[in-house]
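Biologist: I am new to this structure and would like a close look at a single part of it. Please pick one part and describe what surrounds it, in plain terms.

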Amino acid sequence: LYPTAEARQSFTQQSNGNPATLGMLGPIFAPGLGSLVAWRVGVMGMLLAGIPSLLLVIRHTRTEEESGRRELLSSTTVGRIAPLTAALVAVFGANLVLAAAVTVALLTFGLPAVGSLALGLSFAGAGWMCAAIGGVAAQASEGAATARGISLMAFTVLFLPRIAGDAAGQDSDLAWLSWLSPLNWTRLTHPFADEKWWVLALVLGFTAVLAAAAYALCAGRDLGAGFLRPRPGPAQ
């Protein structure tokens, strides 16, 4: 669609001047082909990596506990934190595989290796953060449905500042709002546009803090219990 540098530059200027496009997909950081690819698939990749990750962690922790299978495992030599650890390790590893697949796919289309790796790791980073969110929700609530609701609500709340900051434009006084969204940090690594590798440290730090919180909640509760008590039903 945009075979020349002039066409890509014109499209970049038009997109970065459209608040609706900025709110949905964010700004284009450079008019190069790789940057346009990262812009177009960045938000969708974050969603596709993030939401399944948090749901999988809940499925293999709180759902297992709610069904009673976790109690059967506890009768053996499996420790208290083993299910949470297994779920996080499996999901973290799956996101690394996703990062590798995205990187290889981009390389086959002839895009630069550094930018391809940055975009792949940005998807993995979104999955890691969401997996940690799911871990906290699974330990805090007593039911899988409640944990899923909390996780998806947290995902939405963490995503909203990105929309506000990006829609305002990069030169606006409100552009800093996009940095308030941890889920947006993966896109702010700027794949194919002078990559900012230090942003990945923020992603890892956020993931580590939430994972530590999940372990603390796991250690401080009884099997089958949670810290958020369910609302009582109507009086009989």
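Modeller: A crossing of two helices is called right-handed if the near helix is turned clockwise from the far one by less than a right angle, and left-handed if it is turned anticlockwise. With that settled, the part I pick is helix α7, residues 113-140. The model is a predicted one.

First, the setting. The chain has 236 residues, of which 46% count as buried. It contains 10 helices and zero strands. Among contacts in the chain with a separation of 6 or more, 69% join residues 24 or more positions apart.

Now the approach to α7 from the N-terminal side. P112 sits in the loop that links α6 to α7. Is P112 buried, exposed or partly exposed? Its relative accessible area is 48%, so P112 is partly exposed. Setting aside residues up to four places away in sequence, P112 touches L107 and F192. The C-alpha atom of P112 is also 7.6 Å from that of G34, although 78 residues separate the two along the chain.

On the other side of that loop is α6, residues 82-108. The axes of α6 and α7 come within 8 Å and cross at roughly 160°. Angles over 145 degrees count as roughly antiparallel, and therefore α6 is roughly antiparallel to α7. The crossing of these two helices is right-handed. Sorted by class, the contact of α6 with α7 has 18 nonpolar, seven polar and no charged residues.

The next partner is α8, residues 144-168. The axes of α7 and α8 also come within 8 Å, crossing at roughly 140°. That angle makes α7 oblique to α8. α7 passes α8 in a right-handed crossing. From α7, the residues that meet α8 are C130, I133, G134, A137 and A138, and they face A147, I150, S151, A154, F155 and L158. The residues of this contact divide into nine nonpolar, two polar and no charged.

A138 has a further neighbour. T61, in the loop between α3 and α4, is in contact with A138 and Q139, and that loop lies ahead of α4, residues 62-67. T61 also meets P83, L84 and A87, once its neighbours within four places in sequence are left aside. T61 has a relative accessible area of 5%, so it is buried.

What of the interior? In soluble globular proteins, nonpolar side chains tend to be buried together. Here the largest nonpolar core has 18 residues, and M46, L183, W185 and F206 have the most contacts inside it. At least two residues of this core come from each of α3 (33-59), α7, α8, α9 (182-185) and α10 (199-219). Which helix gives the most to this core? α7 does, with five residues. Separate from it is another core, of eight residues, including V57, L88, A211 and A214.

L183 shows how residues from distant stretches meet. Not counting residues up to four places away in sequence, L183 touches M46, M129, C130, F155, L158 and F159. Three of the names in that list, C130, F155 and L158, appear again where α7 meets α8.

Note on methods
Residues numbered from 1 in each chain as written. Predicted model: local features only at pLDDT ≥ 70, side-chain atom pairs only at ≥ 80, totals over all residues. Heavy atoms only, no water. Axes fitted to C-alpha atoms, helices over the stretch in contact; angles between N-to-C directions. Helix = DSSP H or I, 4+ residues; strand = E, 2+ residues; numbered from the N terminus. Parallel < 35°, antiparallel > 145°, perpendicular 65-115°, else oblique. Nonpolar A, V, L, I, M, F, W, Y, C, P; charged D, E, K, R; others polar. Core = buried A, V, L, I, M, F, W, Y, C linked by side-chain atoms within 4.5 Å. Buried < 20%, exposed > 50% of the residue type's maximum accessible area, 1.4 Å probe, protein only. Contact = heavy atoms within 4.5 Å.
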